Every structure is written in structure tokens, then in C-alpha cells.
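Student: Hey, got a minute to walk me through this one? I'd like to get a feel for it before I go back to the bench.

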Amino acid sequence: MIVLATISLVLTRTKVLSFEMLKFIFLFMLELTIVFGYCFMGTSLSDASSRISNALYNCTWYKLSEKQKKTLIIFQLCSKNEIVLKGSWLFQINLQLFVQIMQTTYSIFNIFATTDLIATDGT
């Protein structure tokens with residue numbers, strides 16, 4: 001998040017259509033794509049894991065043997081817990097996190113830009 005805010009701030013300070021600007025635009029887009037990829041995969045993983053128990057219940061379990069039914073019950077019990085991708089065991093990595101990262105990055109960018117405007121106006 002801080003990397004995205006810093007790169008966006010550097011983009012405002014570079015010369016328009018220079019090599020430096022193109023380089024930082026590439027870095028910004030690359031970092032944004034990486035963060036979006038992790039968040040998208042976290043959401044996909046959570047959604048898929050929540051559909052497992054429903055899929056097990058809707059299979060033709062009544063045609064299975066007793067041993068297979070017991071195995072299916074064990075699978076159902078284990079699949080009740082949703083699989084979630086977490087960062088440092090503190091926060092869930094999903095598309096909602098991506099939106100929060102983008103909002104916070106924009107806020108940090110605005111704070112830096114406003115601070116710079118105040119500093120240049122005050123001197």
C-alpha cells in the first residue's frame with residue numbers, strides 16, 4: 001500500500017512522457033496487478049471452499065456403500081470450515097481488501113500531495 005502511494009507520488013513529480021515516468025507507470029501497474037492477483041485468488045479460494053460441502057451433500061450419496069457414506073460424512077464435516085487466505089494471520093486477503101488498499105493508497109497520496117502544496121505555498 002505504501003509502495004503504491006509512493007510510486008503515485010513520484011509520478012506526480014516526474015516530467016510528463018519521460019523515461020522516468022514510463023518506468024514508474026510500469027512499476028505502479030505491476031505492483032497493482034500483483035496485489036489484485038493475490039486478492040482475487042483469495043476470494044476465489046474462499047468461494048470454492050464454501051461450495052464444497054454443498055456439492056458433497058448434493059451428490060448421489062444414497063447410491064454409495066456404507067463405507068463410502070462414512071467417508072463422505074467425514075469429508076462433509078471437514079469441509080464445514082471455510083478455507084481463507086490470510087496475511088500474517090491477521091487479515092483476510094480478498095477483493096474487499098483490494099478496495100481498502102486502493103482507498104488507503106489514494107488517501108496517503110492526497111495527504112502527501114496536500115502537504116507538498118502547503119509547503120511550497122508557505123515558502
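Tutor: Sure, let's go through the helix packing, the core and a few single residues. Keep in mind that this is a predicted model.

Student: Cool. At what angle do helix 1 and helix 2 pack?

Tutor: Helix 1, residues 2-13, and helix 2, residues 19-57, pack at about 160 degrees. Their axes are 10 Å apart.

Student: So what do you call that, parallel or antiparallel?

Tutor: Roughly antiparallel. Angles over 145 degrees count that way, and therefore helix 1 and helix 2 get that label. Their crossing is left-handed.

Student: Which residues make the contact?

Tutor: From helix 1 you have Val3, Leu4, Ile7, Ser8, Val10 and Leu11. Helix 2 brings Met21, Phe24, Ile25, Leu27, Phe28, Glu31 and Leu32. By class, that contact has eleven nonpolar residues, one polar and one charged.

Student: Leu11 caught my eye. What is Leu11 in contact with, leaving aside its neighbours within four places in sequence?

Tutor: Met21, Phe24, Ile25 and Phe28. Leu11 also turns up in the largest nonpolar core, which has 13 residues. Leu11, Phe28 and Cys39 are the ones there that touch the most other members.

Student: Which elements give two or more residues to this core?

Tutor: Helix 1, helix 2 and helix 4, which covers 95-122. The largest share comes from helix 2, with six residues.

Student: Okay, switching to helix 3. How does helix 2 pack with helix 3, at what angle and how far apart are the axes?

Tutor: The angle is about 155 degrees and the axes are 9 Å apart. Helix 2 and helix 3 are therefore roughly antiparallel, and helix 2 passes helix 3 in a left-handed crossing.

Student: And which residues meet there?

Tutor: Ser53, Leu56 and Tyr57 of helix 2 meet Leu72, Phe75 and Gln76 of helix 3. That contact has four nonpolar and two polar residues, with no charged ones.

Student: What about Ile73, where does that one sit?

Tutor: Ile73 is in helix 3, residues 66-78. It counts as partly exposed, because its relative accessibility is 47%. From C-alpha to C-alpha, Ile73 and Met1 are 43 Å apart, with their positions 72 residues apart in sequence.

Student: Moving along the chain, where is Ser79?

Tutor: Ser79 lies in the loop between helix 3 and strand 1.

Student: Is Ser79 buried or exposed?

Tutor: Ser79 is buried, because its relative accessible area is 11% and the cut-off for buried is under 20%.

Student: What does Ser79 touch, not counting residues up to four places away in sequence?

Tutor: Ser49, Ile52, Ser53 and Leu56. Ser53 and Leu56 are also among the helix 2 residues that meet helix 3.

Student: Let's do loops. Which loop holds Leu17?

Tutor: Leu17 lies in the loop between helix 1 and helix 2. Its phi is near 55 degrees, a positive value in a residue other than glycine. Leu17 counts as exposed, at 71% relative accessibility. As for distance, the C-alpha atoms of Leu17 and Ser79 are 53 Å apart in space, and the two are 62 residues apart in sequence.

Student: And what is phi for Ser88?

Tutor: Positive, about 55 degrees, although Ser88 is not a glycine. Ser88 is found in the loop between strand 1 (86-87) and strand 2 (91-92). With 58% relative accessibility, Ser88 counts as exposed.

Student: While we're by the strands, what is Gln92 in contact with, leaving aside neighbours within four places in sequence?

Tutor: Gln92 is in contact with Ser46, Val84, Leu85, Lys86 and Leu97. Its place is in strand 2, and it counts as partly exposed at 33% relative accessibility. The C-alpha atoms of Gln92 and Thr105 are separated by 18 Å, and those residues are 13 apart along the chain.

Student: Last one: Thr43, buried or exposed?

Tutor: Buried, with a relative accessible area of 17%. Thr43 lies in helix 2 and touches Ile93, Asn94 and Leu95, not counting residues up to four places away in sequence.

Note on methods
Residues are numbered from 1 along each chain as its sequence is written. This is a predicted model: local features need pLDDT of at least 70, side-chain atom pairs count only at pLDDT 80 or more; totals for chains, interfaces and linings use all residues. Side-chain values use heavy atoms; hydrogens and water are left out. Axes are lines fitted to C-alpha atoms, for helices over the stretch in contact, and angles run from 0 to 180 degrees between N-to-C directions. Helices (H or I, at least four residues) and strands (E, at least two) are DSSP runs, numbered from the N terminus. Angles under 35 degrees count as roughly parallel, over 145 as roughly antiparallel, 65 to 115 as roughly perpendicular and the rest as oblique. A crossing is left-handed if the near helix is turned anticlockwise from the far one by less than a right angle, and right-handed if clockwise. Contact means heavy atoms within 4.5 Å. Ala, Val, Leu, Ile, Met, Phe, Trp, Tyr, Cys and Pro count as nonpolar, Asp, Glu, Lys and Arg as charged, and the others, Gly among them, as polar. Buried means under 20% relative accessible area, exposed over 50%, partly exposed in between (1.4 Å probe, protein chains only). A nonpolar core is a set of buried Ala, Val, Leu, Ile, Met, Phe, Trp, Tyr and Cys residues joined through side-chain atoms within 4.5 Å.
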